[in-house]
Amino acid sequence: MDIRPPHDPTVGKNAVILVPSHRRNSAAAVKKNYQIQSNQSMMNQPINFIIWNVRGANNANFHRNFREIMDTHRPSMVDLLETRMTNHISILEDFNFTEIIEVPAEGQSGGLVILWNHARVIVNNFTRRNQEIYAMIKIKPNHKKWLFSSIYASTDKNNRDTLWQNIKNIYNTYKGAWLMGGDFNDVIMAQEKLGGKSVNQKQANNILENLNYCKLLDLDFKGCKFTWSNHRRKGKGLIMERLDRVYANIDWLDQYLEASIIHLPKTYSDHNPILISLKDKNLAYIEKPFHLESMWCSHPDFINIVNRN
């Protein structure tokens, strides 16, 4: 190494010495930076919802299986149908949810409940009926609001007709992003049914007309194409049907282009749980600051690449 003085005696006369210093960030700046990082982390994480006809939730077997689903998928909101419970506070407390909307069961039938954590989801402006819950959903930190309709359709045709009239009334009064899911207790196409009586085509056409009226689309899914089975109960032949499904309008689909619907494996209930996983299209990518790696400078073409760009 050559440490001789430079040939030009003027070099070094006007030297500036830079001494690094450490400046503590203010508490407010630290807090703001933490909030920004926290919000960016939340925005990059998919939001999971579960819709599940549980056929009774007031027993240890349900709690054990639901705990496994919660631990695996960590949903921010769940929609449980046919709970057969008049009060769902025990589910809220046992599974660490913070908020609840419920429709009490009538005797040993019915019962709906939506549970969520307010740290990730805001739910308000809700309406409850025997077969449905309507509520506005906002995912934190800054997703756009959308309408969610939780459906548990009656096995009685007249009651289901009333349900669809209610749904059409919602369409007539609400204009915005809309997601609807649950147990509709109806099959629309022959390929959605295995065994048992053939599909009632007139009834199926009525449902399709209602969906077209409301401009709702049947969302594609992964997993088993049937969501309910009779498990050969009471000596009858095996019957499998797609009774549980998720619909959405164009506004909702445009907001959640990366949404996925998965029919999870059947457990405990004779209905499959449905997992909805989504990201807001506007928040799916967070730009990271540019960082120069020192090793890039040693590349023989580094200067040329920099000059070209």
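Reader: Starting with the largest pocket, how do the residues of its lining divide into nonpolar, polar and charged?
Author: In this predicted model, the lining of the largest pocket divides into 11 nonpolar, 17 polar and 13 charged residues.

Reader: How much space lies in that largest pocket, and which residues lie nearest its centre?
Author: The space in the largest pocket comes to about 960 Å³. Its lining has 41 residues, and those that lie nearest the centre are Ala153, Ser154, Thr155, Arg160 and Asn185.

Reader: Which elements give two or more residues to that lining?
Author: Two or more lining residues come from each of helix 4 (157-173) and helix 5 (201-214). Helix 4 gives the largest share of the lining of the largest pocket, with 4 residues.

Reader: And the second largest pocket, what is its volume, and what lines it?
Author: The second largest pocket has a volume of about 180 Å³. Its lining consists of Lys157, Arg160, Asp161, Trp164, Gln165, Lys168, Asp186, Gln203, Asn206, Ile207, Glu209 and Asn210. Helix 4 and helix 5 are the elements that give two or more residues to this lining, and the largest share, 6 residues, comes from helix 4.

Reader: How does that second lining divide by residue type?
Author: The lining of the second largest pocket divides into 2 nonpolar, 4 polar and 6 charged residues. Arg160, which is among the residues nearest the centre of the largest pocket, is also in the lining of the second largest pocket.

Reader: Switching to enclosed space, how many cavities of 30 Å³ or more does the structure hold, and what lines the largest?
Author: The structure holds 1 cavity of 30 Å³ or more, and about 30 Å³ of space lies in the largest cavity. Trp164, Phe184, Asp186, Ile188, Ile207, Arg245 and Tyr247 form its lining, which divides into 5 nonpolar, no polar and 2 charged residues. Trp164, Asp186 and Ile207 from that lining also line the second largest pocket.

Reader: Since Arg245 and Tyr247 came up there, are the residues of strand 14 mostly covered or uncovered?
Author: Strand 14 (residues 244-248) is mostly covered, with 5 of its 5 residues buried. On one side stand Asp244, Val246 and Ala248, on the other Arg245 and Tyr247, and all of these are buried. As background, side chains in a regular strand alternate between the two faces of the sheet.

Reader: Which strands pair with strand 14, and over how many bridges?
Author: Strand 8 (residues 178-183) pairs with strand 14 in the antiparallel sense over 5 bridges. Within that pairing, Asp183 has Asp244 as its bridge partner, and Gly181 has Val246. Strand 10 (residues 217-218) also pairs with strand 14 in the antiparallel sense, over 2 bridges, with Leu217 standing opposite Ala248.

Reader: What is the order of the strands in the sheet that holds strand 14?
Author: That sheet is an open one of 6 strands in the order 5-6-7-8-14-10, and its pairing is mixed. Strand 5 (121-128) and strand 10 are the edge strands, each pairing on one side only.

Reader: What about the open sheet of 3 strands, what is its order, and why is one side of strand 9 left without a neighbour?
Author: The 3 strands lie in the order 9-13-12, with antiparallel pairing. Strand 9 (193-194) and strand 12 (228-229) stand at the edges and have a single partner strand each, so one side of each has no neighbour in the sheet. Strand 12 is joined to strand 13 (residues 240-241) by 2 bridges, and Glu241 in strand 13 is the bridge partner of Trp228.

Reader: Now the core: how many residues has the largest nonpolar one, and which have the most contacts inside it?
Author: The largest nonpolar core has 30 residues, and Phe49, Trp146, Leu179, Trp252 and Ile276 have the most contacts inside it. Its largest share, 4 residues, comes from strand 6 (residues 132-139). A second, separate core has 20 residues, including Ala153, Trp164, Ile167 and Tyr247. In soluble globular proteins, nonpolar side chains tend to be buried together.

Reader: Leaving aside neighbours within four places in sequence, what is Leu179 in contact with?
Author: On that basis Leu179 is in contact with Trp146, Leu147, Phe148, Ser149, Leu219, Val246, Tyr247, Ala248, Trp252 and Ile276. Among them, Val246, Tyr247 and Ala248 are buried residues of strand 14.

Reader: Last one, for the whole chain: how many helices and strands does it have, and what share of its residues count as buried?
Author: The protein chain has 7 helices and 16 strands, and 43% of its 309 residues count as buried. Of the contacts with a separation of 6 or more, 66% are between residues 24 or more positions apart.

Notes: Residues numbered from 1 in each chain as written. Predicted model: local features only at pLDDT ≥ 70, side-chain atom pairs only at ≥ 80, totals over all residues. Heavy atoms only, no water. Core = buried A, V, L, I, M, F, W, Y, C linked by side-chain atoms within 4.5 Å. Buried < 20%, exposed > 50% of the residue type's maximum accessible area, 1.4 Å probe, protein only. Contact = heavy atoms within 4.5 Å. 1 Å grid on protein atoms, 1.4 Å probe; cavity = no way out; pocket = protein on both sides within 12 Å on 5 of 7 lines; lining within 4 Å. Points joined across faces, edges and corners; volume = space filled by probe spheres on them. Nonpolar A, V, L, I, M, F, W, Y, C, P; charged D, E, K, R; others polar. Pairing = 2+ DSSP bridges.
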